[in-house]
Amino acid sequence: PGPNGWLSERQTLVLTVDGGAKEPRSLKPAVGAGVAAWVYGKGKPVPIMDKVIPMPEASTAQQAETGAFTTALTARDEAFQFAVRKGFEPEPPDIILADSSLSAAIAGGRARPRSKNIVNMHKAQPERDAHCARPWACRHIPRTMNERADGLASLACAIVIMARRTGASMK
């Protein structure tokens with residue numbers, strides 16, 4: 001996510017995000033998202049925090065990707081505090097990596113949301129950005145480099161499926 005050696009020269013807070021939908025052709029797809037936070041320093045990633053986000057009211061993978069991204073924005077402060085408690089001193093900007101090129105482009109201001117499913121999820125972004133204490137950047141990464149967040153998103157979808165099968169509340 002930067003020039004050669006960029007992450008090896010400083011400690012950086014990196015959040016990887018992913019969203020997905022299982023049973024997408026059913027009347028009620030199981031939708032979920034995942035966020036994994038890492039500190040990169042001296043070329044080595046150290047896991048800091050994971051978030052599993054079941055989204056029982058959502059219906060598309062686009063909504064899941066957007067939910068993962070918005071969760072990452074709000075979870076950055078928490079991840080930063082975890083990193084500091086573990087003895088790290090991550091330098092800004094924080095990096096959010098998404099394997100959805102659309103999510104990365106929208107977050108980076110290079111595209112705008114058009115789908116009715118995600119427009120409302122992005123409406124609050126200018127306000128969120130105005131209140132961010134730490135600078136951040138969002139970039140696209142290949143799916144093959146996003147295994148941890150992908151696994152968390154799959155777990156979130158599985159939670160939605162199990163809750164529906166057992167009649168458990170998701171509130």
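**Strands, a helix glycine and salt bridges**

The structure contains zero disulfides. It is a predicted model. Two of its cysteines can be placed by their accessibility: Cys138 counts as buried because its relative accessibility is 8%, and Cys157 counts as buried because its value is 1%.

A good place to begin is strand E2, which spans residues 30-41. Of its 12 residues, 11 are buried. Strand E2 has a partner in strand E1 (residues 12-22), to which it is joined by 11 bridges in an antiparallel arrangement. Within this pairing, Leu15 has Ala37 in E2 as its bridge partner. Strand E2 also pairs with strand E3 (residues 44-54); here 10 bridges join the two, and they again run antiparallel. In this second pairing, Tyr40 is matched with Pro45 in E3. The hairpin of E2 and E3 has two residues between the strands, and in it Lys42 adopts a positive phi near 55°. In a regular strand, side chains alternate between the two faces of the sheet.

Next comes helix H1, covering residues 61-85, which includes Gly67. Gly67 counts as buried because its relative accessibility is 5%. Between Gly67 and Ile53 there are 8.1 Å in space, C-alpha to C-alpha, and the two are 14 residues apart in sequence.

The charged side chains come last. Opposite charges on side chains can pair when the charged atoms come close. The structure has five salt bridges. One of them joins the side chains of Arg165 and Glu23, at 3.8 Å from N to O. This pair links distant parts of the chain, 142 residues apart: Arg165 lies in helix H5 (residues 147-166), and Glu23 lies in the loop between E1 and E2. With a relative accessible area of 63%, Arg165 is exposed, whereas Glu23, at 39%, is partly exposed.

Another salt bridge is formed by Glu78 and Lys51, whose closest N and O atoms are 2.9 Å apart. It connects helix H1, where Glu78 sits, with strand E3, where Lys51 sits, and the two residues are 27 apart. Glu78 is partly exposed, with a relative accessible area of 33%, and Lys51 is partly exposed at 25%.

Asp99 and Arg143 also form a salt bridge, with 3.3 Å between the closest N and O atoms. These two are 44 residues apart, with Asp99 in the loop between strand E4 and helix H2 and Arg143 in the loop between strand E5 and H5. Is each of the two, Asp99 and Arg143, buried or exposed? Asp99 counts as buried because its relative accessibility is 5%, while Arg143 counts as exposed because its value is 56%.

Notes: Residues numbered from 1 in each chain as written. Predicted model: local features only at pLDDT ≥ 70, side-chain atom pairs only at ≥ 80, totals over all residues. Heavy atoms only, no water. Buried < 20%, exposed > 50% of the residue type's maximum accessible area, 1.4 Å probe, protein only. Helix = DSSP H or I, 4+ residues; strand = E, 2+ residues; numbered from the N terminus. Pairing = 2+ DSSP bridges. Disulfide = S-S within 2.5 Å. Salt bridge = Lys/Arg side-chain N within 4 Å of Asp/Glu carboxyl O.
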